[in-house]
Amino acid sequence: MEKELRSLLYKRGADIVRFVDISGLATTQTQGFSRAILFCMKLSKEYILGVRDNLQMDYDDFVEKEHKTDELADWLATYIQQKGYHAYSQSEQNNMKSKNFDQETRSSVLPHKTIARIAGLGFIGKNNLIVTQEYGCAFSMCTVLTDAPISAESYPVVLSKCGECDICKKVCPANAIHGNEWTINGGRENVVDVFKCNCAQKCMMNCPWTLKYARKKE
């Protein structure tokens, strides 16, 4: 079934697809599901460089991709349910409706980032974003939890590659980034003040890993 789902997701615009074993997480997070389907859509190189260079953009590719990944998650959950299995879309709207997102603390019961880290998608950078080898942190992602009979793959955890780099801290207009590396014990509070963040996307577009992708010739 994973071959079918993977093919459908790629056809509908996904650039990365992972089937993830989440059985090791607390059931209060997983709602009793043991598997998750994670997918990502990359941002355009033109948009990345435009935001970095403070150009006037006539579209917000990040917001558009956020909507598309959410819509794809809702579609996928419905598709799996029609196959006779259980599935839960972790789209923003569905999480809000199900009270799995706390607006006051700006936190999810099971963040996509947690699943992405288990999936070996990349490391959590000093900007508190997942940084991948393929696209840096210039992508949108969403997840679907399910009991469908898919083979959840095992991936090694990717360690931080930020090193001494603190570009994201320097370019953040809200001074929301602390410049510390993410750790399990420290969590996001040690990395970023989410209440200061105004989603300017500067930390995302100026990340060296993002720019490596944006400047790469096809």
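Select I16 and C40 together: C40, in strand β2, is the bridge partner of I16, and I16 itself belongs to strand β1, where helices (H or I, at least four residues) and strands (E, at least two) are DSSP runs numbered from the N terminus. What you have open is a predicted model, in which local features need pLDDT of at least 70 and side-chain atom pairs count only at pLDDT 80 or more, while totals for chains, interfaces and linings use all residues. Residues are numbered from 1 along each chain as its sequence is written, and side-chain values use heavy atoms, with hydrogens and water left out.

Stay on I16, which counts as buried at 7% relative accessibility; buried means under 20% relative accessible area, exposed over 50%, and partly exposed in between, with a 1.4 Å probe and protein chains only. Leaving aside neighbours within four places in sequence, I16 is in contact with Y10, L38, F39, C40, L121, E134 and Y135, contact being heavy atoms within 4.5 Å.

Next, select residues 35-42, strand β2, which runs antiparallel to β1 and is joined to β1 by six bridges; two strands pair if DSSP finds at least two bridges between them. Widen the selection to the open sheet of four strands, whose order is β1-β2-β8-β3 with antiparallel pairing. Its edge strands, each pairing on one side only, are β1 (16-21) and β3 (87-89). On average, and with direction ignored, neighbouring strands of this sheet are turned by 20 degrees against each other. Add residues 2-11, helix α1, which packs on the sheet by touching β1 and β2, and whose direction makes about 145 degrees with that of β1; axes are lines fitted to C-alpha atoms, for helices over the stretch in contact, and angles run from 0 to 180 degrees between N-to-C directions.

From I16, move to L121, whose contacts, not counting residues up to four places away in sequence, include I16, L38, C40, T132 and M141. In the largest nonpolar core, which has 35 residues, L121 is among those that touch the most other members; such a core is a set of buried Ala, Val, Leu, Ile, Met, Phe, Trp, Tyr and Cys residues joined through side-chain atoms within 4.5 Å.

Then select T132, in the loop between β7 (130-131) and β8 (139-146), where T132 is buried with a relative accessible area of 1%.

Finish at helix α3 (residues 45-52), where K45, Y47, I48, G50 and V51 are buried, under a cover that includes α4 (61-82), α8 (202-205) and α9 (208-215).
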